[in-house]
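Hi,

Here is the structure I said I would pass on. Have a look at it first, and then read my notes underneath.

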Amino acid sequence: MPYPAPDGTELIEHLGAGATFDVALVRPANRPPGERAAALGSPLGSTLGPTWVCKRLSPGALHTHAGRAAMIREAKALALARHPALPALARVGADRHGPFLLESRREGASLRDVLEGWRGRGRRPPASLLVHVVRTAIETLAELQELADDGGPIRFVHGDLGPDHVLLGPLGDVGLVDLGAARFRGMEPELETADRGTLPFVAPEIARGESPPTPCGDVYAMAATLAAFVTGAPLTRAREQAAVLVEISDAGLCLDALAAADALAPGQRRALARALDRDPERRVGSARALLDAFDAAAPVAGVDVFDTAHAFDAAAPVPADRQSRGHPRHEG
């Protein structure tokens, strides 16, 4: 059966289904010819009509408490945590196919796809790009952790950071997508579920089910994602999921490649490694603290050497079938 676009929209492309969400791109139905409305979340909005990401629950999640909780969390997190790095919530609804939400398409390529694109060229990403992505991603997470409104701190937690959920935008910006595991101020107790992130990027205490997603866990997951991006090397020796969990719990991540990653200064590598301590009591407590340590160790403090004029060329040599889709991987 074709993907059921919500009333008032029409299907552009079915992106695929994961464990929790079934995702597609849609647009308003019956647009007048020549309409040039701005595309939500797109720096090229003046030349594109509005395009939204539509999320429905996958068949296996449709009638589960965990699936519905994930959809409600994503909608509420996006409504509360308004920031350019996140998609904007456009609409929430339900029809005979179940609940759905529409959100803006976050332009960019996932860090996984950026790395694979450079591998396809037979090259490593340039050092200037690596430094820029690491610093911008940490700064973005710091800003999200510090969001507040009239009700006080929002206490935003993404809950499932990894290379598929961190995007490098066409202007060199960093975005985060897929907020089904998010946590935030005032979240109803019934929305709490046993979310354990994605191995090997998730913090060990969360992967073991000893802790819900936390800000400290987000810092760990972002640092792990960035270590994998900078080095292009596996973070664990084990490959099977159960063995990976044992390894990150007992021995920690394999950071030999990070220690040798000369794109970063030695102090910057140490800052990332400290954020990846398997003991949460020994880690930095916030993304801002990690950013401060990263900047303090920079060869020239406060200078971002990434040339945004070459962002399109340097950032995303991505295979054509993955380009310009916003966030193409939604694994729920």
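Sorted by class, the lining of the largest pocket has 14 nonpolar, eight polar and seven charged residues. Keep in mind as you read that this is a predicted model. The pocket itself has a volume of about 550 Å³. It has 29 lining residues, and the closest to its centre are Arg112, Pro163, Pro200, Phe201 and Ala228. Three elements give two or more residues to that lining: helix H2 (111-120), helix H5 (215-231) and helix H6 (241-250). H2 gives the most, with five residues.

Next, the cavities. How many of 30 Å³ or more does a search of the whole structure find? There are two. The largest cavity has a volume of about 70 Å³. Of the 14 residues lining it, Gly159, Asp160, Val202, Gly217 and Ala221 are the closest to its centre. H5 turns up again here, since the largest share of this lining, three residues, comes from that helix. By class, you get seven nonpolar, five polar and two charged residues around the largest cavity.

The second largest cavity has a volume of about 30 Å³. Its lining is made up of Ala227, Thr231, Ala233, Pro234, Leu235, Cys254, Leu255, Ala257 and Leu258. H5 and H7 are the elements that give two or more residues to it. In class terms, that lining divides into eight nonpolar, one polar and no charged residues.

Now for the cores. In soluble globular proteins, nonpolar side chains tend to be buried together. In this model, the largest nonpolar core has 69 residues, and those with the most contacts inside it are Leu86, Met222, Leu226, Leu253, Leu272, Leu276 and Leu290. Which element supplies the largest share of this core? That would be H5, with 11 residues. If you want one residue to click on, try Leu226: leaving aside its neighbours within four places in sequence, Leu226 is in contact with Leu111, Val133, Val134, Ala137 and Ile138. Another core, of 11 residues, lies apart from the largest one, and Val23, Leu25, Leu57 and Met71 are among its members.

Helix H8 (residues 266-275) is worth a look too. Its buried residues are Gly267, Gln268, Arg269, Ala271, Leu272 and Ala275. What do they pack against? The partners are helix H3 (127-145), H5, helix H7 (256-259) and helix H9 (287-296). You have met one of these buried H8 residues already, as Leu272 is on the list of those with the most contacts inside the largest nonpolar core.

Finally, some numbers for the whole chain. There are 10 helices and 10 strands. The chain has 332 residues, and buried ones make up 54% of them. Among contacts with a separation of 6 or more, 67% are between residues 24 or more positions apart. As for the outside, the chain exposes about 14,500 Å², with carbon and sulfur atoms supplying 54% of that area.

If you want a route through the model, try H5: this helix gives residues to the lining of the largest pocket, to the lining of the largest cavity and to the largest nonpolar core.

Cheers

Terms used:
Residues are numbered from 1 along each chain as its sequence is written. This is a predicted model: local features need pLDDT of at least 70, side-chain atom pairs count only at pLDDT 80 or more; totals for chains, interfaces and linings use all residues. Side-chain values use heavy atoms; hydrogens and water are left out. On a 1 Å grid over the protein atoms alone, a cavity is a set of points where a 1.4 Å probe fits but cannot get out, and a pocket is an open set with protein on both sides within 12 Å along at least five of seven lines; lining residues have an atom within 4 Å of a point. Grid points are joined across faces, edges and corners, and a volume is the space filled by probe spheres set on the points. Helices (H or I, at least four residues) and strands (E, at least two) are DSSP runs, numbered from the N terminus. Ala, Val, Leu, Ile, Met, Phe, Trp, Tyr, Cys and Pro count as nonpolar, Asp, Glu, Lys and Arg as charged, and the others, Gly among them, as polar. Buried means under 20% relative accessible area, exposed over 50%, partly exposed in between (1.4 Å probe, protein chains only). Contact means heavy atoms within 4.5 Å. Accessible areas come from the Shrake-Rupley method with a 1.4 Å probe; for residues, only the protein chains shown count as cover. A nonpolar core is a set of buried Ala, Val, Leu, Ile, Met, Phe, Trp, Tyr and Cys residues joined through side-chain atoms within 4.5 Å.
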